[in-house]
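Me: Please take a close look at the charged side chains of this model. I would like to understand how they are paired, and where charges are left without a partner.

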Amino acid sequence: MAATADLSAPDELSEREREAVEALLYRLADDEFVIADRYTDWQVHAPTIESDIAIANIAQDELGHARLWYDLLEDFGYTEPDLIWERDPDTFRHSTLCELPFAEGDWADVIVRSYLYDEAEHLRLGALEGSSYPRLRDRIGKVTSEEDYHREHAANWLRRLAGGDEGRERAQDAVDRLFPYALALFEPVNEVEDEIDDLGLRTRTLEDMRAEWIETVFDTLTSIGIDVERPQVEDGCVADEDLPAHVGRDGNHTDHWSTHFDEITNTYRELERHDATRLMEDPDDE
Amino acid sequence: MSSEIDPTPDPDAEYCAYTDYTEGEEINGLPATGEDTEGVERDVWDALYDIEDPEMPISIVDLGLIYGVAVEGDRAAIDMTLTYTGCPAREMLRDEIREAVASVAGIESVDLRLVWSPEWSIEMVTEQGKKDLREFGLSI
């Protein structure tokens with residue numbers, strides 16, 4: 001990919017550039033926001049107090065990252081209600097991996113899910129280190145340094161689970177169930193993906209990252225006795241039968257998402273709010 | 001289960017998984033402390049020094065959160081960061097900084113920029129800050 005010149009400040013982007021930047025930011029922000037909220041389901045339910053604190057902290061990290069990306073969308077004039085509270089849930093672009101409820105009481109589910117997600121996140125952030133959009137690029141180092149702990153956490157737990165028969169079986173079930181949804185992380189939003197690559201907003205294509213992710217995940221899982229099959233890829237696309245019915249990226253979500261979104265926005269609607277409540281005025285808004 | 005323990009260590013044994021809190025890189029010019037400044041700029045730094053982290057007894061300057069101060073006429077421009085992206089005290093701290101700096105004689109307006117690069121790390125903490133944190137009970 002040819003090196004591309006830096007893009008301008010947010011208010012000076014052409015329509016085409018802005019559309020590509022927005023598509024990239026929505027995907028990053030929505031994935032982090034939705035999976036963070038899912039992780040909080042485990043608060044006070046995780047198997048030990050250590051793991052409880054760890055998963056709550058990971059959720060907080062992901063919310064912090066979602067905020068960093070939503071902040072950059074606010075550069076374009078959107079408000080927090082536009083981006084979250086009053087948004088049409090069908091316009092969310094997160095992968096369906098992030099929205100699925102956990103199999104009841106199954107710690108292996110959250111561990112496998114975060115393992116699959118964080119390996120993908122690692123590659124995605126790596127491809128943004130050299131982004132042509134400076135405001136995004138400047139945030140990658142900080143986010144990556146926090147994400148590294150998530151990968152360590154998931155990989156350590158995964159090995160621990162696979163060390164015993166019951167844990168390995170549960171992890172195997174979770175992989176069988178979640179692997180297709182994790183592939184959805186690399187599905188395109190639409191043809192805007194070509195623009196994202198052409199403008200140098202990221203330095204690796206989705207296809208390229210997916211290929212590496214499949215090999216990494218395959219090697220790790222098989223080395224700890226968990227079976228996984230590589231998906232069929234033709235002309236750069238994963239075969240339909242290897243993908244779930246809903247991938248999320250294109251706005252098609254599972255029924256779980258509307259329930260989840262209702263839960264997230266319940267208080268906002270119930271109290272008839274029209275803006276995001278703050279403990280104090282945001283100095284940026286003055 | 002036998003209660004006898006084999007005293008010979010297993011040569012292939014591995015440590016339990018642990019998290020290595022790797023130290024960050026040293027960045028030229030950081031931490032910024034306002035050393036050698038004078039006049040209104042010095043007063044701005046003093047005002048910043050008076051602000052403590054909400055969770056630990058350490059000045060935000062010694063913690064390394066302030067990346068730069070520029071005073072032009074009656075305007076102060078400040079670059080700051082946070083230790084953590086999910087910092088719940090984000091708005092509280094920013095509000096406190098704006099108020100403290102705006103109350104410095106000679107300053108009418110404050111332009112406070114939140115930046116994430118270079119990323120904050122332990123290397124940004126000043127020697128005084130490390131001392132304060134050790135006294136607080138942190139190993140640093």
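Reply: The following paragraphs treat the paired charges and then a patch of unpaired ones.

The model is predicted, so local features need pLDDT of at least 70 and side-chain atom pairs count only at pLDDT 80 or more, while totals for chains, interfaces and linings use all residues. Residues are numbered from 1 along each chain as its sequence is written, chains are lettered from A and ligands numbered from 1 in the order in which they are written, and side-chain values use heavy atoms, without hydrogens and water.

Over all chains there are 32 salt bridges (a side-chain nitrogen of Lys or Arg within 4 Å of a carboxyl oxygen of Asp or Glu). One of them joins D75(A) to R135(A), with the closest N and O atoms 2.7 Å apart. D75(A) lies in the loop between α2 (49-74) and α3 (80-85) of chain A, whereas R135(A) belongs to helix α5 (residues 134-162) of chain A, so the pair ties together parts 60 residues apart in sequence (helices are DSSP runs of H or I, at least four residues, and strands runs of E, at least two, numbered from the N terminus). D75(A) is partly exposed because its relative accessible area is 28%, and R135(A) is partly exposed at 35% (buried is under 20%, exposed over 50%, partly exposed in between, with a 1.4 Å probe and protein chains only).

A second pair, R124(A) and E121(A), brings N and O atoms to 2.5 Å. These two residues are three apart in helix α4 (residues 107-126) of chain A, which means that about one helical turn separates them. Both R124(A) and E121(A) are buried.

R202(A) and D197(A) meet in a further salt bridge, at 2.9 Å from N to O. R202(A) counts as buried because its relative accessibility is 2%, and D197(A) is buried at 10%. Elsewhere, salt bridges with shared partners link D106(A), D109(A), R113(A), E166(A), R170(A) and R177(A) into one network.

E15(A), E19(A), E191(A), D194(A) and D198(A) form a negative surface patch (residues with over 30% relative accessible area and no salt bridge, like charges joined within 9 Å and nonpolar side chains within 5 Å). In chain A, α1 (15-39) and α7 (192-198) each give two or more residues to this patch. E191(A) is found in the loop between α6 (165-183) and α7 of chain A, and E191(A) counts as exposed because its relative accessibility is 63%.

Definitions and conventions
Areas by Shrake-Rupley, 256 points an atom, 1.4 Å probe, with all protein chains shown as cover. Lys, Arg positive; Asp, Glu negative; His and termini not counted. Charge placed at Lys NZ, Arg CZ, Asp CG, Glu CD.
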